[in-house]
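Student: Could you take me through the ligand site in this one, up close? I'd like to hear what surrounds the ligand and what sits elsewhere in the fold.

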Amino acid sequence: MLADRFIGVGWHAGELISAAAEADDFYFDAFAQVQMQSWSRGRVTLCGDAGYCASPLSGMGTSLALVGSYLLGGELGPAPDGLSSEHVDGALASYDRLMRPYVGKCQDLPSGVDGYAPMSNSDIVITAQVMKWMQRWPFRSFAAKKFFTTADSIALPEYVTAPS
Ligand SMILES: Cc1cc2nc3c(=O)[nH]c(=O)nc-3n(C[C@H](O)[C@H](O)[C@H](O)COP(=O)(O)OP(=O)(O)OC[C@H]3O[C@@H](n4cnc5c(N)ncnc54)[C@H](O)[C@@H]3O)c2cc1C
């Protein structure tokens, strides 16, 4: 696919395609998000990338996986009636209700996934400049604020741990 796409584009593309073909650790994947109306069916539920991958472009995948497992474990929690269907149904519904707004914020990429894959020379120049300047004063604090604000945009409940 890459060879077909980049054939004849010049620069070092030919060398890079040859090196990729010979590399034993070549990595190639799509930038995609997982968006589902429901993460649970019966007693089966999804957590992390499987349910709500925000794409590596978001920088939020690990936060989502950790927050999701914390909420899921906390809502299932120590139950006086064990893992009855009623308790599991309620816990999975609460997990969805608490987690879904956070997933929405983490999946909200500033210019969508396509914005990170420039398709023209001018878009490549603009993207490179944006990446360069967002790491420098005075724009750095705005970029940091965007990510930190998203990461912290959920108030986690305190769960009571099971008595030992
Ligand atoms: C290139 C790249 C860069 C990234 N950069 C960042 C970043 O900067 N910041 C960030 O927060 N996140 C980043 N992420 C995203 C982050 O890695 C994921 O969001 C996170 O690992 C999701 O955790 P998870 O536990 O849901 O899934 P995973 O980490 O994918 O874990 C799933 C596990 O299940 C195992 N598995 C799969 N099928 C089966 C099976 N049938 N039986 C048993 N085991 C199975 C897999 O082997 C894997 O170990 C990046 C991801 C990629 C690909």
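Tutor: The chain splits into domain 1, residues 1-30, and domain 2, residues 31-152. Taken over C-alpha atoms, the centres of the two are 30 Å apart. Keep in mind that this is a predicted model.

Now to the ligand. The shell around it is made up of Y27, G48, D49, P56, G59, M60, G61, T62 and A65. Set that list against the domain bounds: Y27 is in the shell, and domain 1 runs over 1-30, so to speak a foot in the other camp. By class, the shell has four nonpolar residues, four polar ones and one charged. Helix α4, residues 61-76, supplies the largest share of the shell, with three residues.

As for polar contacts, start with D49: an N or O atom in its side chain is 2.8 Å from an oxygen atom of the ligand. Two glycines come in through the backbone. For G59, a backbone N or O atom lies 3.4 Å from a ligand oxygen, and for G61, a polar backbone atom is 3.4 Å from an oxygen atom of the ligand. On the area side, the ligand taken alone exposes 1,000 Å², and the protein buries 31% of that.

M60 is a handy bridge to the next bit, since it appears in the ligand shell and also in the lining of the largest cavity. The structure holds one cavity of 30 Å³ or more, and about 70 Å³ of space lies in the largest cavity. Along with M60, its lining takes in L57, S58, K105, C106, D108, L109, P110, Y116, K146, F147 and T150. The elements giving two or more residues to that lining are α5 (85-107) and α7 (139-151), and α7 gives the most, with three. Sorted by class, the lining has seven nonpolar, two polar and three charged residues.

Two backbone oddities are worth a look while you have the model open. Most residues other than glycine have a negative phi, and most peptide bonds are trans. W11, in the loop between α1 (2-6) and α2 (13-22), has a positive phi near 50 degrees. The peptide bond from W137 to P138 is cis, with omega near 0 degrees. P138 sits in the loop between α6 (121-133) and α7, and α7 is the helix that gives the most to the cavity lining.

Note on methods. Residues are numbered from 1 along each chain as its sequence is written. This is a predicted model: local features need pLDDT of at least 70, side-chain atom pairs count only at pLDDT 80 or more; totals for chains, interfaces and linings use all residues. Side-chain values use heavy atoms; hydrogens and water are left out. A residue is near a molecule or strand if one of its heavy atoms lies within 4 Å of it. A polar contact is a pair of N or O atoms within 3.5 Å; within protein, one must be able to donate a hydrogen and the other to accept it, and residues adjacent in sequence count only if both atoms are side-chain atoms. Accessible areas come from the Shrake-Rupley method with a 1.4 Å probe; for residues, only the protein chains shown count as cover. Helices (H or I, at least four residues) and strands (E, at least two) are DSSP runs, numbered from the N terminus. Ala, Val, Leu, Ile, Met, Phe, Trp, Tyr, Cys and Pro count as nonpolar, Asp, Glu, Lys and Arg as charged, and the others, Gly among them, as polar. Domain bounds come from an automatic or database domain assignment. On a 1 Å grid over the protein atoms alone, a cavity is a set of points where a 1.4 Å probe fits but cannot get out, and a pocket is an open set with protein on both sides within 12 Å along at least five of seven lines; lining residues have an atom within 4 Å of a point. Grid points are joined across faces, edges and corners, and a volume is the space filled by probe spheres set on the points.
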